[in-house]
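Ready for a few warm-up exercises on a protein model? Try each task by eye, then walk through the solution.

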Amino acid sequence: NIRRQTLTFNNSVMYRRWLAILTYTAFTVCNSFQIPPKNTKGQVTRRQLIIPDGEFFGSIAEKLAWPIGGIAAFRIGARIAVIGQPRLPNNCNGKDIGSRVIRTDKSGIRVRIFYPCKKPIQGTSYNIAPYCTDGRETSDGMAGLVGFRQLGISFLLAHLAEAESGCYENADILEEEESSLPLLVYSHGYGGNMDMATYFLRTMASKGMIVAAIEHTDGTASSTILNDGTRLPFSPSLMNSKASLNKRADEVIEVSNFISQKYKTNGLFYGGHSYGCPSAILASTRRMNGHLDGLILHDPALGMGYDLLPRSGQPDVPTVSYISDEYNRGGVRYGDVTLHVRGAFHGNFVDAPLWAPSWVMRPLSAVIPACGPADPVRVHDDLAISAKAFMTSKSVSGVIGVNQADLFEPV
């Protein structure tokens with residue numbers, strides 16, 4: 001079930017994995033305290049629990065020493081390791097990228113925009129935009145969704161609240177390039193937000209595009225601030241599944257119409273990650289106020305289409321899908337071309353592998369698919385180059401042969 005192979009999609013999968021680990025550990029430890037007593041003939045009788053005494057509790061301490069010590073060492077090491085993290089990727093080829101958060105005029109949906117920007121005028125400077133727009137509220141919402149807060153390791157994401165995005169806040173767009181830049185309206189996954197792919201979308205913008213990252217208001221964002229100023233935490237029961245997807249698709253269209261009026265762009269594309277993909281696909285079937293040039297999908301969670309997607313199984317606009325190792329094993333294919341990104345996990349399509357050192361994130365991928373073995377900076381860079389080639393040609397022929405010799409595999 002591909003729906004369950006996501007970073008923040010189905011928490012029950014994550015909890016089952018943690019529960020399996022803890023149950024196995026408890027069973028092994030408790031089982032080792034059972035001794036097979038012998039009768040007068042030296043024959044082993046049925047297993048019995050020993051009577052708790054000083055020796056018993058000493059055995060418990062001895063048995064738990066290694067696992068507890070290992071967990072403690074990991075926690076201490078990980079806490080130290082996130083100091084100075086995340087490290088800002090240096091893959092924008094010297095281009096300055098701006099970031100601003102705006103709201104649509106109709107429903108007040110929050111949108112974070114990434115774009116090539118002007119350099120600061122001599123004697124002036126821009127502020128660097130934060131990684132998390134709402135600071136600790138954003139990072140805590142993300143930590144709760146992936147189970148870090150419940151496991152006492154929320155510090156693995158808390159440092160993101162103080163991190164920098166590497167983007168100039170509210171900088172002016174590079175006017176001489178504006179009319180040549182395509183627009184990508186991007187929908188986050190189930191439990192995502194407009195910030196958790198900031199480094200990736202910054203890289204995308206550096207290749208020559210405007211990216212508008214939506215923060216959905218259907219309850220599937222890790223948290224968001226509504227137009228009236230109230231905070232909406234992750235609330236998956238706010239709407240039923242079909243109503244949620246319908247609202248997301250409508251928000252994609254509303255944002256695309258709004259941004260298209262604010263900027264002079266060259267081409268319009270919808271995209272998304274995981275649950276954001278069926279949102280973008282459904283929106284593509286409803287866009288009535290203009291032309292749509294294509295879809296760019298990252299690990300499309302097609303099982304969350306709830307029978308609302310095109311019955312033909314294919315969209316009516318050029319579409320390219322990029323899939324992770326686990327989605328490839330699941331046989332996910334969609335659009336005109338599907339490219340398997342070798343060594344990428346579900347989290348490689350957001351910034352998860354960059355939130356902490358690989359020795360921290362890679363072991364965690366045994367529980368949540370946060371970080372594959374591929375170089376995460378290169379994955380982002382090659383995805384951005386490939387997407388730009390697609391947007392320039394407005395045809396899937398543009399992505400064939402782009403950096404796929406050893407990273408991309410057509411499937």
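Among contacts in the protein (heavy atoms within 4.5 Å) between residues at least 6 apart in sequence, 71% join residues at least 24 apart. Before you start: this is a predicted model, where local features need pLDDT of at least 70, side-chain atom pairs count only at pLDDT 80 or more, and totals for chains, interfaces and linings use all residues. Residues are numbered from 1 along each chain as its sequence is written, and side-chain values use heavy atoms, with hydrogens and water left out.

**Exercise 1. Find out how far the model can be trusted, and where pLDDT stays under 50.**

Step 1: pLDDT is the predictor's confidence in each residue, from 0 to 100. The protein averages 83, and 78% of the residues score at least 70.

Step 2: Go to residues 1–12, where pLDDT stays under 50. The model has 40 contacts for this stretch beyond four places in sequence.

Step 3: Where pLDDT is low, the predicted coordinates should not be read in detail.

**Exercise 2. Work out which strands pair with β4, and whether its residues are buried or exposed.**

Step 1: Get the terms straight. Helices (H or I, at least four residues) and strands (E, at least two) are DSSP runs, numbered from the N terminus. Two strands pair if DSSP finds at least two bridges between them. Buried means under 20% relative accessible area, exposed over 50%, and partly exposed in between (1.4 Å probe, protein chains only).

Step 2: Look at β4, residues 110–116, where 7 of 7 residues are buried. One side carries Arg110, Arg112, Phe114 and Pro116, and the other carries Val111, Ile113 and Tyr115. In a regular strand the side chains alternate between the two faces of the sheet.

Step 3: Check the neighbours. Strand β3 (residues 97–103) pairs with β4 in the antiparallel sense over 7 bridges, with Ile97 opposite Pro116. The two form a hairpin with 6 residues between them, and Gly108 in the turn has a positive phi of about 75 degrees. Strand β8 (residues 210–215) is also antiparallel to β4, joined by 5 bridges; there, Val211 is the bridge partner of Phe114.

**Exercise 3. Now do the same for β12: in what sense does this strand pair with β11 and β13?**

Step 1: β12 covers residues 294–298, and 5 of its 5 residues are buried. Gly294, Ile296 and His298 point one way, while Leu295 and Leu297 point the other way.

Step 2: β11 (residues 268–273) runs parallel to β12, with 5 bridges, and Tyr270 has Leu295 as its bridge partner.

Step 3: β13 (residues 319–323) is parallel to β12 too, through 4 bridges. Here His298 partners Tyr322.

**Exercise 4. Compare the settings of Ser274 and Lys394: which is buried and which is partly exposed?**

Step 1: Start with phi. Most residues other than glycine have a negative phi. Ser274 has a positive phi near 60 degrees, and Lys394 has a positive one near 55 degrees.

Step 2: Place them. Ser274 lies in the loop between β11 and α8 (276–284), whereas Lys394 sits in the loop between α11 (376–393) and β15 (408–410).

Step 3: Check cover. Ser274 counts as buried because its relative accessibility is 1%. Lys394 is partly exposed, at 33%.

**Exercise 5. Why does helix α3 count as largely enclosed?**

Step 1: Find α3 at residues 136–145.

Step 2: Since 7 of its 10 residues are buried, α3 is largely enclosed by the rest of the structure. Among them are Thr138, Met142 and Leu145.
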